[in-house]
Amino acid sequence: TEGQCLRADWYERGLEDGRDGRPAPWLDAHRQACAKAGVLPDGVRWRAGWEEGNRAYCTPRSGWQAGAQNRGYAGACRDRDEDAFTRAYAAGQAVWRTRQELQRNWDEVERLELELRRAAKDEERQRIRQRLAWLDVERRRLRLLLETQELTRP
């Protein structure tokens, strides 16, 4: 907003943008937004803050966390050790996907348990129980997988 542009501490804004994994060209977005208010961001201060924030973001630990939370990666670490970051990011994304599979498993169990309570025929109940047993085995497998994946946390 105009007020934010007028009151901005451009170093702090850059620091936050860097820590959030925004790439260096993000300053252009601030320039466009603040041009409407007649404010020109302090690019030198923003860049200094961004560099510090980017250094903190471009670590394997941060990459793993970003992946595990399914946050996007916009290439902000290209000038740092991007390989280490992206390997950790991919490991974190694997954790996120496994957590999603576990959630789908639980959702299916809940749906089938409701269906089981409503089932009128023995054959139908047997089919549902077999599916629930398979989902239980699958849930155990997913939990073990998740435990193993979480060991990759830097």
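Leaving aside neighbours within four places in sequence, Trp50 is in contact with Gly14, Leu15, Asp17, Gly18, Arg22, Pro23, Ala24 and Ala76, where contact means heavy atoms within 4.5 Å. A quick word on the ground rules: this is a predicted model, so local features need pLDDT of at least 70, side-chain atom pairs count only at pLDDT 80 or more, and totals for chains, interfaces and linings use all residues. Residues are numbered from 1 along each chain as its sequence is written, and side-chain values use heavy atoms, with hydrogens and water left out.

On confidence, pLDDT is the predictor's own per-residue score, from 0 to 100. The protein averages 96, and 100% of the residues score at least 70. Helix H1 (residues 2-7) is where confidence is lowest, at a mean of 89, while H7 is where it is highest, at 98. Helices here are DSSP runs (H or I, at least four residues), numbered from the N terminus.

Back to Trp50, which belongs to the largest nonpolar core along with Cys5, Trp10, Leu27, Cys34, Ala37, Val39 and Trp46, eight residues in all. Helix H3 (26-35) and helix H4 (43-57) are the elements that give two or more residues to this core. By definition, such a core is a set of buried Ala, Val, Leu, Ile, Met, Phe, Trp, Tyr and Cys residues joined through side-chain atoms within 4.5 Å. Buried means under 20% relative accessible area, exposed over 50%, and partly exposed in between (1.4 Å probe, protein chains only).

Helix H3 also holds His30, which counts as buried at 13% relative accessibility. Not counting residues up to four places away in sequence, His30 touches Trp10, Arg13, Asp17, Pro41 and Trp46.

Next, helix H5 (residues 60-68). Its buried residues are Ser62, Gly63, Trp64, Ala66, Gly67 and Ala68, and what covers them includes H4, helix H6 (82-118) and helix H7 (122-150). H5 is followed by Asn70, whose phi is positive, near 55°.

The loop between H5 and H6 is also home to Arg71, partly exposed at 39% relative accessibility. Its side chain makes a polar contact with the side chain of Gln69 at 3.2 Å; that term covers a pair of N or O atoms within 3.5 Å, and within protein one must be able to donate a hydrogen and the other to accept it, with residues adjacent in sequence counting only if both atoms are side-chain atoms. Outside its neighbours within four places in sequence, Arg71 is in contact with Ser62, Gln65, Ala66 and Tyr89.

Now the rings. The whole structure has five aromatic pairs, two of which are tabulated here. Rings of Phe, Tyr and Trp (its six-membered ring) pair if their centres lie within 6.5 Å; planes under 30 degrees apart count as stacked, over 60 as edge-to-face and the rest as tilted.

| Pair | Centre to centre | Angle between planes | Type |
|---|---|---|---|
| Tyr73 and Phe85 | 4.9 Å | 40° | tilted |
| Phe85 and Tyr89 | 6.2 Å | 15° | stacked |

Tyr73 sits in the loop between H5 and H6 and Phe85 in helix H6, 12 residues apart. Tyr73 is partly exposed at 22%, whereas Phe85 is buried at 0% relative accessibility. Why are Phe85 and Tyr89 separated by about one helical turn? Because they are four residues apart in helix H6. Tyr57, Tyr73, Phe85 and Tyr89 form one aromatic cluster.
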